[in-house]
Every structure is written in C-alpha cells, then in structure tokens.
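Visitor: I would like a close look at one small part of this model. Please start with a single residue and its contacts, then work outward from there.

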Amino acid sequence: MELDTWEDDSMIRAVVFDLDGVIRHFLPGQAAEIERRHALEIGSLDATAFSQPLLTEVTTGRISRAEWVREIGRTLGADAAAEEWGKQSPQPDPAVLELADALRSRGITVAILTNGTDAISDEVEAQGIRQHVDHVFNSATIGYIKPDQRVFQHVIDALGIDGSDVFFTDDSPSKLGGAIELGFVTHHFKGVQPLHETLTRTGVL
C-alpha cells in the first residue's frame, strides 16, 4: 500500500526498517580511499561486489560473506584490497535507533529486513543495533531477497500479522514492490526527519 492510498482506519502494528542506508551507513569515500591505496579504478570494488549474480548469491545465502569477499579479490586480482574493503564498518545512526526505541515504547513491534549476508546477525549485535529491535530478518537466512514478495510474506508470517498491519521503509524504492503487493504501508527513506513526519502523519507516532 503506497502512502497516498493509506486509510485512517489502518492499524500499524509493526514498523520494519531496511538496514544499510537506513539504520546504519558506510562512510562516504572510504572505498575510494582503499582503491587509491591499491591502485585500483575508483568504483571497481563496489561495482564488483554488487554485480550479478555474485550479489544475489551472497544475499540468498548460497555463498558466505567470506567467500564473497574472496571472489571480489579474485575478480579484480586484488586480494588485499578486497579484504580491506570487507572490513569496512558502517556506523549506526543514533537518531534512527532513537526512533526505533520510541516506536517500541508505544507497543509497536520493530524489525529489520535486510538483503544481507550470513554475517548480519553478528554485525548488528556487535554494533549495538540488536538491542533496539525485536526481530532481524535476513535474506541470507530466508533465501529470497527484496523486492521478492516471498521475503515480505516470510516477515508477516513470522510476526503473525497481515501486510496492512506493517509499515516498511527502505532507502531504495525498487525494494518496495513486494511489500506494496502485500498491502504494506511503504515509505522511501530519505532521512530520519521525513520518516518521523510520515509515521506521525499515518498515526503510528
């Protein structure tokens, strides 16, 4: 359900956040600095990492994160650069985590749904994110990736609610499709303030 079709009598019981680009962020320019140090073309590490079918293989759990990073290095002939790239640590956004806490204080279930790798569980624990959410749904465990409707169906089945009970936000509008098909209220994330305003307008806050 897109926001312009949201109805006042809808009752949101869960808010689901994307992870990267919403709850946590990679430092801009960090990958380029690694590439300069290793005399690689700027943009080549991300381009290789997010190429197909490699990205789908790691985010559906067919290969591990460690195997993914090794394949990036093998493809570029730059193992050390890929290993360094793989050690980048995204920074959690305190304002988004504060918003998650506010939602939970109102009895709203808060979850993460990410197209992630097999390392996500350890990462969100180590970064202090896990304590701010009730559930972490990871495509590498589920076996499907956003925007496949099946990954969103997995979420509502696990939560025991209907699609219309869920508000979902992602920084990539292309990832919203399956959620819209199942009746989720969706929001293209462009920052915590617009998100807060939308949650307020829809009556969640």
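Guide: Start with A78. Not counting residues up to four places away in sequence, A78 touches L40 and G73. This is a predicted model, so keep that in mind throughout. A78 sits in the loop between α4 (65–76) and α5 (79–86). Is A78 buried or exposed? Its relative accessibility is 11%, and buried means under 20%, so A78 counts as buried.

Now look at the two helices on either side of that loop. α4 and α5 pack with their axes 7 Å apart, at an angle of about 140°. That angle makes α4 and α5 oblique to each other. The crossing of α4 past α5 is right-handed. Which residues make the contact? From α4 come R65, W68, V69, I72, G73 and R74. From α5 come D79, A82, E83, W85 and G86. Notice G73 in that list. G73 is also one of the residues that A78 touches.

Next, take a longer step. A78 and A119 are 41 residues apart in sequence, and their C-alpha atoms are 22 Å apart in space. V69, from the α4 side of the helix contact, gives another such step. V69 and G116 are 47 residues apart in sequence and 14 Å apart in space, C-alpha to C-alpha.

So what surrounds G116? Leave aside its neighbours within four places in sequence. G116 is then in contact with V58, T59, N138, S139 and A140. G116 lies in a loop too, between β4 (109–114) and α7 (120–126). Its relative accessible area is 4%, so G116 is buried.

β4 leads us to the sheet. The sheet is open and has five strands, in the order β5-β4-β1-β6-β7. The pairing is parallel. The edge strands are β5 (135–138) and β7 (185–188), and each pairs on one side only. On average, neighbouring strands of this sheet are turned by 20° against each other, direction ignored. Strands of a sheet pair through backbone hydrogen bonds.

Walk through the pairs. β1 and β4 run parallel and are joined by four bridges. A14 has T109 as its bridge partner in β4. β1 and β6 also run parallel, again with four bridges. There, F17 has T169 as its bridge partner in β6. Then comes β6 (residues 166–170) with β7: four bridges join these parallel strands. F167 is partnered by V185 of β7.

Helices lie against this sheet. α9 (residues 149–159) packs on it and touches β1, β4, β5 and β6. The direction of α9 makes about 155° with that of β5. α6 (residues 94–105) lies across β1 (14–17) and β4. Relative to β1, α6 runs at about 160°.

Stay with β1 for a moment. In a regular strand the side chains alternate between the two faces of the sheet. β1 shows two directions. A14 and V16 point one way, V15 and F17 point the other way, and all are buried.

Where do these residues end up? V15 and F17 belong to the largest nonpolar core, which has 24 residues. Both are among those with the most contacts inside it, along with I23, L103 and L199. The elements giving two or more residues to this core are β1, α6, β4, α7 and α11 (192–201). α6 gives the largest share, five residues. A14 and V16 are in a second, separate core of 18 residues. That core also includes I161 and V166.

V15 has many partners to trace. Leaving aside its neighbours within four places in sequence, V15 is in contact with L103, I108, T109, V110, A111, F167, L199 and V204. Two of these names, L103 and L199, lead to a last helix pair.

That pair is α6 and α11. Their axes come within 10 Å and cross at roughly 20°. α6 and α11 are therefore roughly parallel to each other. Their crossing is left-handed. On the α6 side, the contact is made by A95, V96, L99 and L103. On the α11 side, V192, L195, H196 and L199 make it.

Note on methods: Residues numbered from 1 in each chain as written. Predicted model: local features only at pLDDT ≥ 70, side-chain atom pairs only at ≥ 80, totals over all residues. Heavy atoms only, no water. Buried < 20%, exposed > 50% of the residue type's maximum accessible area, 1.4 Å probe, protein only. Contact = heavy atoms within 4.5 Å. Pairing = 2+ DSSP bridges. Axes fitted to C-alpha atoms, helices over the stretch in contact; angles between N-to-C directions. Core = buried A, V, L, I, M, F, W, Y, C linked by side-chain atoms within 4.5 Å. Parallel < 35°, antiparallel > 145°, perpendicular 65-115°, else oblique. Left-handed = near helix turned anticlockwise from the far one by under 90°.
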